[in-house]
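User: I'd like a close look at one backbone oddity in this model. Could you zoom in on a loop and then show me how it sits alongside the rest of the chain?

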Amino acid sequence: MSGAALGLEIVFVFFLALFLLHRYGDFKKQHRLVIIATLLAWYLCFLIVFILPLDVSTTIYNRCKLAVNSSPAESNGSYVTLAPSKQKCFKPWSYIPNGIMPIFWRVVYWTSQFLTWILLPFMQSYARSGGFSITGKIKTALIENAIYYGTYLLIFGAFLIYVAVNPNFNLQWNQLQTIGIAAANTWGLFLLVLLLGYGLVEIPRSHWNGAKRGYLLMKTYFKAAKLMTEKADAEENLEDIMEEVRKVSESIKYNHPLRKCVDTILKKCPTEYQERMGRNMDDYEDFDERQNSYPSEKSLVKLHKQVIYSVQRHRRTQVQWQILLEQAFYLEDVAKNETSATRQFVHTFHSQEPENKIIQYFYTPTVEWYWECLLRPWFYRVLAVVLATFSVIVVWSECTFFSTQPVLSLFAVFIQLAEKTYNYIYIEMACFLTIFFLSICVYSTVFRIRVFNYYYLASHHQTDAYSLLFSGMLFCRLTPPLCLNFLGLTHMDATISHKNTQPTAYTSIMGSMRVLSFIADGFYIYYPMLVVILCIATYFSLGTRCLNLLGFQQFMGDSEMTSDLIDEGKELIRREKRKRQRQEEGENRRREWKERYGNRDDSTRNRTVHTDQKESSFTETNANRPLSKYTRSNGRTERDRIELLQDAEPLDFNADSVNDDPLELDSGRYQPGGRYLSMSRSKIFDDV
């Protein structure tokens with residue numbers, strides 16, 4: 001089993017990162033370099049989290065061997081026996097031979113640092129660039145990152161000059177490398193504590209609120225109102241950008257030098273806009289015949305960048321709106337089925353995606369009713385209590401991990417108790433659960449956070465390239481200080497435990513932080529205590545209240561604005577539900593008509609064909625006779641058949657006005673101006 005556990009985890013973590021990237025990214029539409037760079041960043045960060053428990057168990061076994069070798073001992077198979085006390089040092093099942101872990105950590109760490117500080121920032125600017133060639137995009141990316149890279153070079157150069165001039169400093173390459181690592185970890189720890197303080201409170205609270213059906217439904221209505229506003233804004237923005245593209249396309253003709261740039265922009269536009277612009281092209285006109293002012297290449301680059309952003313935003317809001325509708329319909333179904341006497345879950349709408357037959361066989365309507373209406377709320381409550389307990393242990397350990405006599409950190413107590421009995425399975429499970437919970441608190445905050453519309457991780461393949469690269473950059477900066485913080489909580493870091501013992505392979509590549517004593521003995525120990533203040537602020541929703549005061553609507557139960565948005569969202573969901581019901585009723589009527597009159601329709605079609613053959617033969621023999629009456633009769637029969645099949649839906653007398661056309665509603669209520677009929681008629685967003 002030597003090294004087998006390491007190989008299995010390497011393969012498992014790769015597929016885990018690939019699955020998450022497939023959920024948020026789009027392999028078909030996004031550039032391959034963006035996918036590869038993001039996958040590599042996520043993979044390396046997840047790999048550190050999963051491999052670190054193996055490093056801890058291997059280090060404990062190596063410490064045992066050193067203790068045994070320092071006393072008279074005798075070898076016995078797979079373990080070493082200490083002669084005086086007959087103590088046994090069992091080799092763990094996941095033992096990794098000496099020399100592998102230092103090389104592994106060195107490759108993983110420095111690759112992740114190269115990604116987060118050099119490659120990913122450059123690729124962010126490259127992905128957002130509106131250039132029409134690779135050279136133009138690289139030039140734009142270098143210009144945007146000149147200040148970013150120049151600042152680091154200036155600081156590093158000033159530090160080197162100071163060390164060279166001051167005779168009191170005699171730094172070697174290893175010490176200089178340690179200073180760079182300490183600077184990167186300090187920046188990461190500063191952001192880590194902020195994200196951790198939010199996640200430790202919000203994750204248990206979100207699971208506790210997940211057991212409240214009314215709470216989830218109200219929050220879904222609130223999200224629907226906000227998302228409709230964002231969706232309408234995205235549609236208006238896309239219409240404005242497409243109008244600019246149309247003007248540019250009409251002014252720059254086929255033989256203009258910049259026509260290739262315009263064609264590149266047109267390829268990024270939606271299909272319906274491309275067809276509309278293609279019909280208005282006058283390619284026979286030369287651009288030299290009229291002395292008009294043409295846009296420059298710089299303005300076309302800017303327009304290209306705006307088109308990419310607006311199309312991506314419009315597509316994302318459309319998909320998110322459909323997902324939110326499904327969620328709202330499902331929560332309303334759960335609320336209705338809670339009082340069902342038959343104890344069978346009944347859906348208002350059938351699933352649009354085909355269900356798996358195996359899942360459908362076991363997950364029957366009765367099982368679904370018991371899970372959704374009875375078991376799931378209690379499961380979420382129990383899970384919330386367990387997560388809250390973990391959060392309390394983490395907060396206590398963050399405030400007391402610097403104390404070694406006595407040991408107050410609960411994680412250090414658990415590991416030391418298991419170390420005495422050399423229970424490696426328990427050690428690895430305890431380490432994995434601890435670092436996994438810390439990673440969930442930090443990474444989930446990264447997935448939830450939203451910086452206006454520039455950084456936003458959206459599921460169902462709706463995340464843009466810039467946000468994917470930014471998330472990979474954050475993961476690479478947060479994971480190393482997260483692991484160092486975990487080793488400090490468990491007293492596996494010699495800097496914290498103040499013991500002259502063998503360090504883990506991970507801390508050995510970090511170097512001795514004693515080079516910067518004010519960081520090792522000050523910032524690393526006392527700054528994590530700030531997590532207590534952040535947890536209190538998150539518990540009382542101080543950040544949410546501040547954002548609400550600044551004009552960013554947040555879900556707050558005691559806010560009048562929240563109540564208004566809930567009412568608006570409820571009305572939007574009701575309209576979409578009524579619209580979908582009419583669509584399903586129309587499809588059912590058409591299906592019934594085809595099943596009932598399908599054979600008669602086929603016989604009518606056969607008679608029509610036979611009549612046409614007779615008329616054609618009669619026409620050949622009587623070429624001088626007019627053909628109008630036969631043609632009119634045949635066309636009328638075909639028209640009547642089409643009108644019978646096109647069954648118009650009945651009027652909805654509960655609608656906002658009697659003038660609503662049901663056929664127009666079935667077409668999606670989409671107007672050429674980019675608005676829905678519900679918005680243009682009821683004007684529910686006039687007061688927002």
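What is the relative accessible area of Ser 541?

Analyst: Ser 541 comes out at 23%, which makes it partly exposed (from 20% to 50% relative accessible area, with buried under 20% and exposed over 50%, using a 1.4 Å probe and protein chains only). Bear in mind this is a predicted model, where local features need pLDDT of at least 70, side-chain atom pairs need 80 or more, and totals for chains, interfaces and linings take in all residues. Numbering starts from 1 along each chain as its sequence is written, and side-chain values use heavy atoms, leaving out hydrogens and water.

Now the backbone. Ser 541 has a phi near 55 degrees, positive even though the residue isn't a glycine. Most residues other than glycine have a negative phi, and most peptide bonds are trans. Ser 541 sits in the loop between helix 19 (531-539) and helix 20 (542-549) (helices are DSSP runs of H or I with at least four residues, strands are E runs of at least two, and both are numbered from the N terminus).

Tyr 422 makes a nice companion: its phi is positive too, about 55 degrees, and it isn't a glycine either. You'll find Tyr 422 in the loop between helix 13 and helix 14 (424-448). Tyr 422, though, is buried, with a relative accessible area of 16%.

Helix 13 (410-421) also borders another loop, the one that follows helix 12 (365-400) and holds Pro 406. There the peptide bond joining Gln 405 and Pro 406 is cis, with omega about 0 degrees.

Zooming out, the protein has 24 helices and five strands, and 42% of its 688 residues are buried. Of the contacts (heavy atoms within 4.5 Å) with a separation of 6 or more, 76% are between residues 24 or more positions apart.

For one helix pair up close, take helix 7 (residues 213-251) and helix 8 (residues 259-268), whose axes come within 10 Å and cross at roughly 150 degrees. That makes helix 7 roughly antiparallel to helix 8 (an angle over 145 degrees). On the helix 7 side the contact is made by Val 245, Val 248 and Ser 249, and helix 8 brings Arg 259, Val 262, Ile 265 and Leu 266. An unreviewed UniProt entry marks residues 224-251 as a "coiled-coil region", and in the model residues 224-251 are 100% helix and 0% strand, with end C-alpha atoms 40 Å apart.

Definitions and conventions: UniProt positions are given in the numbering used here, feature names are shortened, and annotations may be inferred rather than shown by experiment. Axes are lines fitted to C-alpha atoms, for helices over the stretch in contact, and angles run from 0 to 180 degrees between N-to-C directions. Angles under 35 degrees count as roughly parallel, over 145 as roughly antiparallel, 65 to 115 as roughly perpendicular and the rest as oblique.
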